There are 2 protein chains.
Amino acid sequence: MAVYTHVSTEEMIAFLHRYDHGTLISAKGIAEGVENSNYLIETSDGRYILTLYEKRVNADELPFFCALTDHLANKGLNIPRMLGDRRGEQIQTLAGRPACLIEFLSGLSVTHPTPAQARAAGESLGDMHRALGDFRLSRGNSLDLAGWHELAERCGDDLDRIDAGLGARVGAELAWLDAHWPRDLPTSVIHADLFPDNVLMLGDEVSGVIDFYFACTDIRAWDVAVTHAAWSFENDGTGYHADLGSSLIAGYDRQFGLSTEERLAFPILARGACLRFLLTRAWDWLNTPADALVTRKDPLAFLRRLEFYAEADPETLVSI
Amino acid sequence: MAVYTHVSTEEMIAFLHRYDHGTLISAKGIAEGVENSNYLIETSDGRYILTLYEKRVNADELPFFCALTDHLANKGLNIPRMLGDRRGEQIQTLAGRPACLIEFLSGLSVTHPTPAQARAAGESLGDMHRALGDFRLSRGNSLDLAGWHELAERCGDDLDRIDAGLGARVGAELAWLDAHWPRDLPTSVIHADLFPDNVLMLGDEVSGVIDFYFACTDIRAWDVAVTHAAWSFENDGTGYHADLGSSLIAGYDRQFGLSTEERLAFPILARGACLRFLLTRAWDWLNTPADALVTRKDPLAFLRRLEFYAEADPETLVSI
């Protein structure tokens, strides 16, 4: 959530010369997305996002993200494309970093979604899953069950510095998920991070879905569970809002839908979703100085969600 | 250079309802300016900057900055206005902070100015000084010679942690400035921080001057000296570019001009300008954790400029 790599005006003007997208007239570093540097730029032709990829995104994987967003945009979804230069190149180098010029989409990220907005987000997720039915590339999920085990191990005893007993709770949850994780549900390329931050809305309509840098191949219904966990609670993980959860699922069902097997497994998938964000937040928490200017997100907000799903009946979450 | 106060989409939509400037369709936190939080927002009517004032700007002084930018904009200068709401109120409260909706101006801040750009910046400074001839408000400069003494004292022995001998050099310079600082040059409200960052350009034309939050009443020619020090060197303070310096002064002379007394005092004023930025950068350097996400600017870049001006003949800087 900062600009890590500074690009001078002169470098940016030269960069824009590679494209047929007009002359630069404004550029502002923006606080957005995962650990990339982003500029909102304006040219004589319109607005664009310029992204420089920092350490979290592997340059070798950019062609995957590029193909994925092209695939979705070609099917008419509101997904910002990585634009090609005059020679068709979508992935460039700028200020020593891999860089892409990306379409700008209007819209706002809601903080307190309404049921109508949760429904629209569910519909967008369904649209994406439907559109990805014939997408042939794949990318492993480094944050799957095996990845959570690794991350828990790397955090180690420090988990208890966040909250007494957290290490044991995580260990017990990993064991439970090992025993219950579904092995035969359909997989697909999924967004895997569809928080309200990554959905642009105008009123109750989705105007864009952004930030595909966690997209990977995994259980498709897990994406629904991630989205459910991200949209249906207060920010601190308290107060499940049944109206948001059910609207989200209704929207998804309208455009794509969950099978009975996926519905029965839903609480298990949701527990896995919560553990994934609990662990990445815990790692960031333990490795971010308290006085740094990036906001440390509370890992326990996802422990609270996890405990909710551990008690929940599938029927109350997704009608079966 | 970060967003310190987060404003939710819902709060921002409600805030925009106070104004006749359209419906919100996009908002991005931007990394810009002094220690304020800034959002670049887009409504159905156009683009705006939303600024929330953090600790460095005293809310009681906002009416001064408001009157100053109105005065300059009313005289036709490209200065972004703080916009009034439906009741004419320009200063609001948002997320517990004083906040203003401000005009957006296109343009880019150059990193390596050309002589033509330095000349245009000098002209803009001259235009401002001319326009401020009948501006009747005043604001003390807390970063004047007395302020530099205070700041040097607060930094104390820690100056030598930045560079061995820096404390003694600063002490000697303060004594020299006490003995030589001009006492009878004309004063005016001045910008006092006209770095390339604060000048928006389109090609060789100035499209906007921004960030008036250091504006104060002080020796008018000191503003020219600050601008000369800010525009005429490499970023690290080496390599005085005589063509940039002389173009800047020529531009200023064209629109307003320096008197003989001001020209003769120019190297002294420039030494004071360098000491002011040396000391504020030193203070920030000593009080910013090395791993923080804000860039610490090198105080020694202004010691190098200072040593240049200490050796320089007024004639080489400003023809007399």
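**Exercise 1. Locate Asp211 in each chain of this predicted model, and decide whether the residue is buried, partly exposed or exposed.**

Solution. Begin with chain A, where A:D211 sits in the loop that joins β8 (205-209) to β9 (216-219). The backbone of A:D211 deserves attention, since its phi is positive, at about 60°, although the residue is not a glycine. Next, count neighbours: A:D211 has 19 other C-beta atoms within 10 Å. A residue is called buried when 20 or more such atoms lie within that distance and exposed when 12 or fewer do, and A:D211 is therefore partly exposed.

Now turn to chain B, where B:D211 is placed in the loop between β8 (205-209) and β9 (216-219) of that chain. B:D211 likewise has a positive phi of about 60° without being a glycine. Its count, however, is 20 C-beta neighbours inside 10 Å, and so B:D211 is classed as buried.

**Exercise 2. Describe how helices α7 and α10 of chain A cross, and state which classes of residue make their contact.**

Solution. First identify the two helices: in chain A, α7 covers residues 220-231 and α10 covers residues 266-287. Their axes come within 8 Å of each other and cross at roughly 65°, and the crossing is right-handed. The next step is to find the residues that touch, which on α7(A) include A:W222 and A:H228, while α10(A) contributes, among them, A:F266 and A:G272. Sorting the residues of this contact by class gives 10 nonpolar, 2 polar and no charged.

For chain B, follow the steps again with α7 (residues 220-231) and α10 (residues 266-287), whose axes come within 8 Å and cross at roughly 65°. This crossing, too, is right-handed. Here B:A225 and B:V226 are among the contact residues of α7(B), and B:L269 and B:C274 are among those of α10(B). By class, the contact in chain B has 10 nonpolar, 2 polar and no charged residues.

**Exercise 3. Work out whether B:L244 and A:I320 are buried or exposed, and find which residues lie in contact with each.**

Solution. Take B:L244 to begin with, which belongs to helix α8 (residues 242-255) of chain B. B:L244 is buried because 22 other C-beta atoms lie within 10 Å. When residues up to four places away in sequence are left out, B:L244 touches B:P113, B:P115, B:A118, B:W231 and B:S232. A separation along the chain can be set beside a distance in space: B:L244 and B:T114 are 130 residues apart in sequence, and their C-alpha atoms are 6.9 Å apart.

Then consider A:I320, which is in the segment after α12 (314-317) of chain A. A:I320 has 12 other C-beta atoms within 10 Å, and is therefore exposed. Its contacts, once neighbours within four places in sequence are set aside, are A:T260, A:R263, A:L264, A:P314 and A:E315. The C-alpha atom of A:I320 is 9.4 Å from that of A:E261, and these two residues are 59 residues apart along the chain.

**Exercise 4. Describe how the two domains of chain A meet.**

Solution. Start from the domain assignment, which gives domain 1 as 9-103 and domain 2 as 115-317. The C-alpha centres of domain 1 and domain 2 of chain A are 27 Å apart, and the contact takes 16 residues from domain 1 and 16 residues from domain 2. Finally, the side of domain 1 that touches domain 2 divides into 10 nonpolar, 4 polar and 2 charged residues.

Key
Residues are numbered from 1 along each chain as its sequence is written. Chains are lettered from A and ligands numbered from 1 in the order in which they are written. This is a predicted model: local features need pLDDT of at least 70, side-chain atom pairs count only at pLDDT 80 or more; totals for chains, interfaces and linings use all residues. Axes are lines fitted to C-alpha atoms, for helices over the stretch in contact, and angles run from 0 to 180 degrees between N-to-C directions. Helices (H or I, at least four residues) and strands (E, at least two) are DSSP runs, numbered from the N terminus. A crossing is left-handed if the near helix is turned anticlockwise from the far one by less than a right angle, and right-handed if clockwise. Two residues are in contact if their C-beta atoms, placed from the backbone, lie within 7 Å. Ala, Val, Leu, Ile, Met, Phe, Trp, Tyr, Cys and Pro count as nonpolar, Asp, Glu, Lys and Arg as charged, and the others, Gly among them, as polar. Domain bounds come from an automatic or database domain assignment.
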